[in-house]
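Here is a short note to read alongside the structure. Please take a look at the picture first, then come back to the points below.

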Amino acid sequence: MLSSEPVGPGVRSVQVENVYPDSRWTQTFLSRPLTAEEFESALAEAGLVLDTYPAEDGTWVRALIHPS
């Protein structure tokens with residue numbers, strides 16, 4: 001993580017960088033904390049369902065297309 005700056009009530013502008021042997025990738029995005037319920041609700045609104053947390057620290061999730 002390169003930076004995390006407040007930009008509004010409960011919202012931050014976050015810049016991250018991934019460095020690989022042959023490339024570097026930088027991304028900036030808006031972020032706000034969500035409860036587990038809020039997160040799963042946001043996934044459902046996008047037509048997704050939470051499958052698993054593959055990272056032990058919970059920073060990554062695997063979401064699948066919700067079966068219709």
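The points below go from the whole chain to one residue.

1. A word on the source to begin with: this is a predicted model. The protein holds 1 helix and 5 strands. Starting at the N terminus, their order is β-β-β-α-β-β. With a radius of gyration of 15 Å, well over the 11 Å from the globule rule for 68 residues, the protein is more spread out than a compact globule.

2. If you would like a feel for the dimensions, the C-alpha atoms fill a box of roughly 40 × 35 × 20 Å along the principal axes.

3. How much of the protein is buried? Of its 68 residues, 4% count as buried. The exposed area of the protein comes to about 5700 Å², and 54% of it is supplied by carbon and sulfur atoms.

4. The contacts are worth a look too. Taking those between residues at least 6 apart in sequence, 1% join residues at least 24 apart.

5. On charge, the protein carries 4 positive and 10 negative side chains. The centres of these two sets are 6 Å apart.

6. Finally, you may like to find Thr28, which sits in strand E3, residues 23-31. Is Thr28 buried, exposed or partly exposed? Its relative accessible area is 49%, and because exposed means over 50% and buried under 20%, Thr28 is partly exposed. Beyond its neighbours within four places in sequence, Thr28 is in contact with Ser13, Val14 and Gln15. Thr28 and Met1, 27 residues apart in sequence, have their C-alpha atoms 9.9 Å apart in space.

Definitions and conventions
Residues numbered from 1 in each chain as written. Predicted model: local features only at pLDDT ≥ 70, side-chain atom pairs only at ≥ 80, totals over all residues. Heavy atoms only, no water. Helix = DSSP H or I, 4+ residues; strand = E, 2+ residues; numbered from the N terminus. Rg over C-alpha atoms; globule rule 2.2 N^0.38 Å. Buried < 20%, exposed > 50% of the residue type's maximum accessible area, 1.4 Å probe, protein only. Contact = heavy atoms within 4.5 Å. Areas by Shrake-Rupley, 256 points an atom, 1.4 Å probe, with all protein chains shown as cover. Lys, Arg positive; Asp, Glu negative; His and termini not counted. Charge placed at Lys NZ, Arg CZ, Asp CG, Glu CD.
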